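User: Hey, got a minute to go through this model with me? I'd like to get a feel for the fold before I head back to the bench.
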Amino acid sequence: MKPLVLVCAVAFTLLLNACGDGKADAVKQMAAVADSIKAASTIDLSGHHMPLAVHLPVGLPEPTVLWKDEVGKLSVKAGDRFALEIYEAPPDMDRLKADLDRDLLKKNTILEETPDLLIYRSEFPDDSTLVFFHFHRLITAAGRSFIVDDADDGSAFTLEDVQHMAKAVQAKEPA
């Protein structure tokens with residue numbers, strides 16, 4: 001909501017300044033708004049002892065960050081279209097791909113694969129309406145390895161949702 005208010009305020013200011021040349025001022029104001037939107041939608045996870053930052057897409061509701069002690073995962077959720085889990089573990093992409101191949105219940109299809117990212121579709125062969133998109137991402141920050149997955153809470157995400165979530169977590173920039 002904050003970014004939307006900021007964008008409206010800048011648009012109104014630009015409209016008032018449109019009578020004169022003011023192009024340079026408009027460019028500066030737009031850059032300032034872009035910076036404030038970016039800053040408003042970033043969650044620093046160093047308070048949870050993770051050298052990571054989550055960059056939320058614009059327009060999402062206020063996020064909740066919850067440490068799930070029983071499973072050792074940090075959950076970040078913002079609305080119905082953004083929910084991911086982060087935990088520290090050694091990278092093992094080959095194990096995950098082997099698990100997907102051995103799955104007897106679902107048919108899993110890899111849609112995008114890089115050394116640190118796997119986006120895949122899971123579908124139940126008996127019911128074509130049960131199609132789910134997932135991602136598994138490896139991040140190395142400050143000499144530690146973290147895994148970021150879509151939340152395993154029964155939420156159904158679109159491919160676009162999963163792609164946004166996969167890009168959202170980054171190693172935190174050193175101060």
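User: Which residue stands opposite valine 65 in strand 4?
Analyst: That's valine 76. Keep in mind that this is a predicted model. Valine 65 and valine 76 face each other across strand 3 and strand 4, covering residues 64-68 and 73-77, which pair in the antiparallel sense over 5 bridges.

User: And what stands opposite lysine 68 in strand 4?
Analyst: Another lysine, number 73.

User: How many residues lie between the strands in that hairpin of strand 3 and strand 4?
Analyst: There are 4. Glycine 72 in the hairpin takes a positive phi near 70 degrees.

User: What's the strand order in the sheet of 7 strands?
Analyst: The order is 3-4-5-9-8-7-6, and the sheet is open with antiparallel pairing. Strand 3 and strand 6 (107-114) are at the edges; each has a single partner strand, so one side of each has no neighbour in the sheet. On average, neighbouring strands are turned by 20 degrees against each other, direction ignored.

User: Which strands of the sheet does helix 3 touch?
Analyst: Helix 3 packs on the sheet against strand 6, strand 7 and strand 8, and its direction makes about 15 degrees with that of strand 7. There's also helix 4, which lies across strand 5, strand 6, strand 7, strand 8 and strand 9 and runs at about 10 degrees to strand 8.

User: OK, zooming out. How many helices and strands are in the chain?
Analyst: You've got 4 helices and 10 strands. Along the sequence the pattern reads α-α-β-β-β-β-β-α-β-β-β-β-α-β.

User: What percentage of the 175 residues is buried?
Analyst: Buried residues make up 31% of the chain. As for contacts with a separation of 6 or more, 45% come from residues 24 or more positions apart.

User: Now the other sheet, with 3 strands. What's its order?
Analyst: That open sheet goes 1-2-10, with antiparallel pairing. Its edge strands are strand 1 (42-44) and strand 10 (169-171), each pairing on one side only. The twist averages 25 degrees from one strand to the next. Helix 4, residues 159-168, packs on this sheet and touches strand 2 and strand 10, with its direction about 20 degrees from that of strand 10.

User: How many bridges join strand 1 to strand 2?
Analyst: There are 3, and strand 2 takes in residues 52-55. Aspartate 44 stands opposite alanine 53 in strand 2.

User: What about the loop between strand 1 and strand 2: is methionine 50 there buried or exposed?
Analyst: Methionine 50 has a relative accessible area of 5%, so it counts as buried. Leaving out residues up to four places away in sequence, methionine 50 touches Leu45, Trp67, Leu74, Ile86, Tyr87 and Phe146. Methionine 50 and alanine 141 are 91 residues apart in sequence and 8.4 Å apart in space, C-alpha to C-alpha.

User: And histidine 49, buried or exposed?
Analyst: Histidine 49 is exposed, because its relative accessibility is 63%, and the cut-off for exposed is over 50%. Histidine 49 sits in the loop between strand 1 and strand 2. It has a positive phi of about 65 degrees although it is not a glycine. Most residues other than glycine have a negative phi.

User: Where is alanine 142 found?
Analyst: Alanine 142 is in the loop between strand 8 and strand 9. Its phi is positive too, about 55 degrees, and it is not a glycine. With 68% relative accessibility, alanine 142 counts as exposed.

User: Switching to pockets. How much space lies in the largest pocket?
Analyst: About 510 Å³. The lining has 24 residues, and the closest to the centre are Lys106, Tyr120, His134, Asp150 and Asp152.

User: Which elements supply at least two residues of that lining each?
Analyst: Strand 5 (83-88), helix 3 (93-102), strand 7 (117-124), strand 8 (127-141) and strand 9 (144-150).

User: Last one: how do the lining residues divide into nonpolar, polar and charged?
Analyst: The lining of the largest pocket has 8 nonpolar, 6 polar and 10 charged residues.

Conventions. Residues are numbered from 1 along each chain as its sequence is written. This is a predicted model: local features need pLDDT of at least 70, side-chain atom pairs count only at pLDDT 80 or more; totals for chains, interfaces and linings use all residues. Side-chain values use heavy atoms; hydrogens and water are left out. Two strands pair if DSSP finds at least two bridges between them. Axes are lines fitted to C-alpha atoms, for helices over the stretch in contact, and angles run from 0 to 180 degrees between N-to-C directions. Contact means heavy atoms within 4.5 Å. On a 1 Å grid over the protein atoms alone, a cavity is a set of points where a 1.4 Å probe fits but cannot get out, and a pocket is an open set with protein on both sides within 12 Å along at least five of seven lines; lining residues have an atom within 4 Å of a point. Grid points are joined across faces, edges and corners, and a volume is the space filled by probe spheres set on the points. Ala, Val, Leu, Ile, Met, Phe, Trp, Tyr, Cys and Pro count as nonpolar, Asp, Glu, Lys and Arg as charged, and the others, Gly among them, as polar. Buried means under 20% relative accessible area, exposed over 50%, partly exposed in between (1.4 Å probe, protein chains only).
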